[in-house]
Amino acid sequence: MKSAYNSTSEADHTSLASSSCCHQHEHHHETCQHHSEVTDDGHNAACEHHHADVSPTPISWLTRTVVLLLFLGSGYYLWLQWPAMLMTSIKWQRDINGQLSDLLYDAQQNITAAYSLAGLSFLYGIFHSLGPGHGKMIVTTYLATNPAKIKASLIMTVVSAFVQAVVAITLVSILLVFFKSSMRQVNDAADQFISYSFMAMLLLGVIVIYRSLKQAWQLRSAQRHHHHDHGADCGCGHKHFANADEINNATSLREYMVIVFSIGIRPCTGAILVLLFANMVGLYWLGVISAILMAVGTALTTSGIALLTLSGKKIVSRYLATNQRQRTMTSIIVKLIGGILLVLLGLLLLNGHSYGMSPVL
């Protein structure tokens, strides 16, 4: 009987403990829900602070060093191979340009050559976008130094590629139809649009620098405001440190619009060439189709570059930042560096362009 009584008591005690635990758990969530209702930003500061205290497994300095050295080594190797890549890209584009011209002439006699022209135009878009270009500089620099979502980044690259084709088609069509311009005049107009593109790139860099400095000031002001000591249960109702996504909030529509404009306002040189040749042989509609297919190939490659950039940034941030404070500060600093790089690149391209240098971009 005594054993049975003890067993019953233990069972009751276990049940009571379990009930108490469940009650505390429910009370904790009710408290979280209550805080989420009364806070302005719709989030539970106390709960977020509680979860933020749970830090991931620390990463050794040796692992971080190895990852950093691998990225630096890859960048140095790319720097060494850049001239060879540049010359190879130029050769491929020249060869394809010659084949495109031949196919346009063949299409006068046999319309089935248009199928070959369509496939080659798509390949030209891929090869052209694999070479060095200011559009890829903008995309990689911005995505590597600013928080960005995959979906928004892909939309940005695809829209930029098609805007390039639309600008080329619109520019050539207006100059040929309404102004009866020569090939030289069309090229001069396209050259002017290239300058606008570099100016937009410079403007994007200025915007990024301004936003990063503004966020750094806001972060400093927030630190001064929360001068009191914070404990795990301080109950102050404030987040003790904003996370990187909140402090940056850099995926703004305004910045994406400037990126699309800075890339897309520069008409695709290959598309202009095909349109001019197509106009000469009396198959302008075929040149328009070819320009659109070039944009499809370009969008495919630039989207792949964007995904690689985001993946590399995620790996670096995973191994270089260990806590929320480091991630926030690092994000602001890296974003500032990215803005400075965009400004320097914009100035470099503008100066080179003004001196008659033809950057293969």
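**Exercise 1. Find the helix that holds Glu255, decide whether this residue is buried or exposed, and name its side-chain partner.**

Solution. Begin with the secondary structure, where helices are DSSP runs of H or I with at least four residues and strands are runs of E with at least two, numbered from the N terminus; Glu255 belongs to helix H9, which covers residues 253–264. Next comes accessibility, for which buried means under 20% relative accessible area, exposed over 50%, and partly exposed in between, with a 1.4 Å probe and protein chains only. Glu255 counts as buried because its relative accessibility is 0%. Finally, its side chain makes a polar contact of 2.6 Å with the side chain of Arg211, a polar contact being a pair of N or O atoms within 3.5 Å; within protein, one must be able to donate a hydrogen and the other to accept it, and residues adjacent in sequence count only if both atoms are side-chain atoms.

The model is predicted, so local features need pLDDT of at least 70 and side-chain atom pairs count only at pLDDT 80 or more, while totals for chains, interfaces and linings use all residues. Residues are numbered from 1 along each chain as its sequence is written, and side-chain values use heavy atoms, with hydrogens and water left out.

**Exercise 2. Describe the surroundings of Ser129 in helix H4.**

Solution. Helix H4 spans residues 113–130 and contains Ser129, which counts as buried because its relative accessibility is 2%. The side chain of Ser129 is joined to that of Thr301 by a polar contact of 3.1 Å. Taking contact to mean heavy atoms within 4.5 Å, and leaving aside neighbours within four places in sequence, one then finds Ser129 in contact with Lys136, Gly297, Thr298, Thr301, Thr302 and Ile305.

**Exercise 3. Determine which elements and which kinds of residue line the second largest cavity.**

Solution. On a 1 Å grid over the protein atoms alone, a cavity is a set of points where a 1.4 Å probe fits but cannot get out, and lining residues have an atom within 4 Å of a point. The count of cavities of 30 Å³ or more comes to two, and the second largest holds about 40 Å³ of space. Its lining consists of Ala161, Gln164, Ala165, Cys268, Ala271, Ala291, Met294, Ala295 and Thr298. Two or more of these residues come from each of helix H6 (150–177) and helix H11 (284–320), and H11 gives the largest share, four residues. By character, the lining divides into seven nonpolar, two polar and no charged residues. Thr298, one of the lining residues, is also among the contacts of Ser129.

**Exercise 4. State where Val296 lies and which residues it touches.**

Solution. Val296 has its place in helix H11 and is partly exposed, with a relative accessible area of 33%. Not counting residues up to four places away in sequence, Val296 touches Phe122 and Phe162. The C-alpha atoms of Val296 and Leu123 are 9.4 Å apart, although 173 residues separate the two along the chain.

**Exercise 5. Explain what is noteworthy about the phi of Lys180.**

Solution. Most residues other than glycine have a negative phi. Lys180, however, has a phi near 50°, a positive value in a residue other than glycine. Lys180 lies in the loop between H6 and helix H7 (183–225), and its relative accessible area of 66% makes it exposed.

How values were computed:
On a 1 Å grid over the protein atoms alone, a cavity is a set of points where a 1.4 Å probe fits but cannot get out, and a pocket is an open set with protein on both sides within 12 Å along at least five of seven lines; lining residues have an atom within 4 Å of a point. Grid points are joined across faces, edges and corners, and a volume is the space filled by probe spheres set on the points. Ala, Val, Leu, Ile, Met, Phe, Trp, Tyr, Cys and Pro count as nonpolar, Asp, Glu, Lys and Arg as charged, and the others, Gly among them, as polar.
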